[in-house]
Amino acid sequence: MLLENIKHNDQQVSFEQAVKLGLGRDQGLFFPKQIAPLADIDALLEKPFIERSAVILSHLLNNELTQHELQEIIGNAFQFPAPLAPVVDNIYNLELFHGPTLAFKDFGARFMAQCLSRFSKGEKLTILTATSGDTGAAVAHAFHGIDNIRVVILYPEGKISRLQEKMFCTLGGNIETLSVQGDFDDCQALVKDCFEDQALRDEIGLNSANSINISRLFAQVCYYFEAVAQLPKEQQAESVFSIPSGNFGNLSAGIIAKVLGLPIKRFIAATNLNDTVPRYLQTGEWAPKPTVATLSNAMDVSQPNNWPRIEHMIEQGWFDRELLSGYCIDEDSTSLGVKQLYQLGYLSEPHGAIAYKALKHGMEDGEVGVFLGTAHPAKFKESVENILGELISLPKELADVAGLPILSEQVEPDFAKLREYLVAGN
Ligand SMILES: *Cc1c(COP(=O)(O)O)cnc(C)c1O
C-alpha cells in the first residue's frame, strides 16, 4: 500500500482508494508512507512538461498507474502552460493561471477529475460540493463533459461575484449548479448532511472531490519542476520559492518536490492577516484566531487543513523546518505590492502580490526568488482596479462567458428538498 492516514497509520490505502475516499478515518489526511528521491533530476528537467510530469507522478504513485496511463491523464489535464515570467533581475513569477478558470486550482482539480473518471470504471458518480466561488469553477470545468460523472455545486445566492457565477453556472451538460438562499455555511451544512446519509450516498454514488484530496497535491508537484526547469541552470540551487498560502496545499506540493530531490533552496510561506502559520513558525504555538476577510480572499483561512501534511514531513525528518519561513502581509502592503509590481511593468493581483512582498522581506543576497502567481489579475478585477486606479481588460476566458445565461436553479437551504432533487436527477 502506498499511502497511510497520518492520524491513524494502520489505515493504509492505494492511490485509487485515497482518491475515491478523499479523507481517511477520523478526518485523517492520506499521505505517502515513503517518498524516495527521483533519479537523475538534471535529465528530467530537460524533458517537456507532460512527459516529465508523467515520470514524476508514476514515481510518486509507485507505478500504480503506468507512465503511459499517466501521460494520457496528464495530457488531458494539463492543457495549458506554467510560464516563469521574469519580473526583475533575480525575481520571477511562476504564472499558474493559464487554465480555464484562471487559477492554479485548475491543475489539481483537472488531474483529480481525470483520475476519478478512470477509477470509477463506468460506475455512476455524483460529485457534490459547496463553493464560495473559486473552487466550484475549477471543479465544474475539470469534470465538464466527463462520462458517468454528475456534478452538483451549491453556492450562496448573491454572495459570489457575477463574473465568478458566470464562470461555472453557464456550462450545462453534466454540471448542475444550485444557488442556495442562504450563506456559504448553509451550503456546507447541506453537503455535510448529504454525506451523513449513507442510503443517499450509495444510491447516487456520492463523492466530494474534496480540496484535501491527495491527487491534487501530486498534480501540483509537477509545476515546481516546470518552474525550476525554466530557471537558468546556475540559479536553480539558489532558488527561494514564496507561496501565497491559505489551506497550504500549494506549499505542501512544493515541499514534496524538494523531498523528491528538486533543487530548491528554501520556501517562504506568505499569508494575509490570517497568519496562523507564520505565528506558529515564530512561537511554536498553534493559535488560530477568527478568520478575517481580506483582499486576497482565497487565502482567508485561519485553520489550514493541509498543515498536518507539512508537519508530518518535518517530523519524519524529510524536510528541515529551518528551510521554511513565514511572513504575514497586511492589507496596505498587499496593495503596495500590486502597485510596485505594476511600476515594474508587471500586472498582478492581491494573492501574487502577497507572495512578492514576502519574498522581498525574506530574500537574501545571492538568492533567486520565485513567487507563485495563483490567479489571473482579471479574476480580481475590482480590487486591482481600485488599487491601481486604472481599468484592466478581461481575458478571453472571462469575456466569453460574460454574455452567457446563468443556468442555476434556486433552492432553499432544506436538506429534504435537496435530497429529493439529487435522487430525482440520478
Ligand atoms: C486557493 C488559493 C490560494 C491558496 O492556496 P492553498 O493551496 O490553499 O494554500 C492562493 N491563491 C489563490 C488565487 C487561490 O485560489
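Thr-276 is found in helix H12, which spans residues 276–283, and the model in which this residue is described here is a predicted one. Thr-276 has a relative accessible area of 2%, and because the cut-off for a buried residue is under 20%, Thr-276 counts as buried. The side chain of Thr-276 reaches the backbone oxygen of Ser-302 at a distance of 2.7 Å. When residues up to four places away in sequence are left aside, Thr-276 touches Trp-286, Ala-287, Pro-288, Lys-289 and Ser-302, so that Ser-302 appears both as a residue touched by Thr-276 and as the partner whose backbone oxygen the threonine side chain reaches.

**Strand S11 and its neighbours**

Strand S11, made up of residues 266–271, is mostly covered, since six of its six residues are buried. In a regular strand the side chains alternate between the two faces of the sheet. In S11, Arg-266, Ile-268 and Ala-270 point one way, whereas Phe-267, Ala-269 and Thr-271 point the other way, and all of these residues are buried.

S11 is joined to strand S10 (residues 239–244) by five bridges, and the two strands run parallel; within this pairing, Val-240 stands opposite Arg-266 in S11. Between these two strands the chain passes from S10 through helix H11 (residues 249–259) to S11, forming a β-α-β crossover that is right-handed. Five bridges also join S11 to strand S12 (residues 324–328), again in a parallel arrangement, and here Thr-271 is the residue that stands opposite Cys-328 in S12.

**The ligand and its surroundings**

Which residues are the closest to the ligand? Of the 15 residues that surround the ligand, the closest are Lys-105, Gly-246, Asn-247, Phe-248 and Thr-374. Polar backbone atoms lie opposite oxygen atoms of the ligand at the distances set out in the table.

| Protein partner | Ligand partner | Distance |
|---|---|---|
| Gly-246, backbone N or O atom | oxygen atom | 2.8 Å |
| Phe-248, backbone N or O atom | oxygen atom | 2.8 Å |
| Asn-250, polar backbone atom | oxygen atom | 2.9 Å |

Taken alone, the ligand exposes 380 Å², and the protein buries 95% of that area. Gly-246 and Phe-248 are thus named among the closest residues, while the backbone of Gly-246 also supplies an atom 2.8 Å from a ligand oxygen, as does the backbone of Phe-248.

Note on methods: Residues are numbered from 1 along each chain as its sequence is written. This is a predicted model: local features need pLDDT of at least 70, side-chain atom pairs count only at pLDDT 80 or more; totals for chains, interfaces and linings use all residues. Side-chain values use heavy atoms; hydrogens and water are left out. Buried means under 20% relative accessible area, exposed over 50%, partly exposed in between (1.4 Å probe, protein chains only). Helices (H or I, at least four residues) and strands (E, at least two) are DSSP runs, numbered from the N terminus. Two strands pair if DSSP finds at least two bridges between them. A crossover is right-handed if, with the strands pointing away from the viewer, the path from the first strand over the helix to the second runs clockwise. A polar contact is a pair of N or O atoms within 3.5 Å; within protein, one must be able to donate a hydrogen and the other to accept it, and residues adjacent in sequence count only if both atoms are side-chain atoms. Contact means heavy atoms within 4.5 Å. A residue is near a molecule or strand if one of its heavy atoms lies within 4 Å of it. Accessible areas come from the Shrake-Rupley method with a 1.4 Å probe; for residues, only the protein chains shown count as cover.
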